[in-house]
Structures are given as C-alpha cells and as structure tokens.
Amino acid sequence: MSLRLAALAAGLALAGCAAVGPDYVRPETPTPSHWQGAIETGKNGENLSQWWKTFQDPELDRLVAEALAANLV
C-alpha cells in the first residue's frame, strides 16, 4: 500500500513540473496611455527613478546598485 502511495505521489509531483507546451504565446497586455511615465514622476512632478535615495542609506544604495547590475531584463 505504501509503495502505491509513494508511486502516486511521485507521479503527481512529476506531472506538476510539466511544461506549458511548445505553442505557448505570451498574451498581449496593453498598458493604458495615462500610465505612460507614471513611474518616473510623482504627483508633484518629482523624479522617482531613484526614490530610494531619499532614505540616504549607503547600504540600500549598494543593494539597489547590485540588483540593477544583476538584472537580466
């Protein structure tokens, strides 16, 4: 009985790792035009591209620089 249960559990675990398929196409997700540039400027027009610098924390600056350098996108 336990062997069957183990085989069933292994089969379910492997089935969960199945690929989506060779014909998968990422769906188009249009961005509303009023969102363009919304990340770069705040309500008062201030530049938000480096918002973390307001904390004046060298460790946070170092971590963000490290994350940006390792970003693969």
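How many of the 14 residues of α1 are buried? The count is zero, so to speak of cover here is to say that α1 has hardly any. This comes from a predicted model, and the rest of the chain can be read in the same light.

Looking at the whole chain first, its secondary structure amounts to two helices and zero strands. Just 4% of the 73 residues count as buried. The surface that the chain exposes comes to about 7,200 Å², and 63% of that is supplied by carbon and sulfur atoms.

Now for the helices themselves. Helix α1 takes in residues 2-15. From its first C-alpha to its last, α1 reaches 20 Å, which is close to the 20 Å expected at 1.5 Å a residue. Helix α2 takes in residues 58-70, which makes 13 residues. Its reach, again from first C-alpha to last, is 18 Å, close to the expected 18 Å. At the start of α2 there is a contact worth finding on screen: a side-chain oxygen of aspartate 57 comes to within 3.1 Å of the backbone nitrogen of glutamate 59.

The loop between α1 and α2 holds a residue to look at, glutamine 56. Most residues other than glycine have a negative phi. Glutamine 56 is not a glycine, yet its phi is positive, at about 50°. How covered is this residue, buried or exposed? Glutamine 56 has a relative accessible area of 70%; because the cut-off for exposed is over 50%, glutamine 56 counts as exposed.

How values were computed: Residues are numbered from 1 along each chain as its sequence is written. This is a predicted model: local features need pLDDT of at least 70, side-chain atom pairs count only at pLDDT 80 or more; totals for chains, interfaces and linings use all residues. Side-chain values use heavy atoms; hydrogens and water are left out. Helices (H or I, at least four residues) and strands (E, at least two) are DSSP runs, numbered from the N terminus. The expected span of a helix is 1.5 Å times one less than its number of residues. A polar contact is a pair of N or O atoms within 3.5 Å; within protein, one must be able to donate a hydrogen and the other to accept it, and residues adjacent in sequence count only if both atoms are side-chain atoms. Buried means under 20% relative accessible area, exposed over 50%, partly exposed in between (1.4 Å probe, protein chains only). Accessible areas come from the Shrake-Rupley method with a 1.4 Å probe; for residues, only the protein chains shown count as cover.
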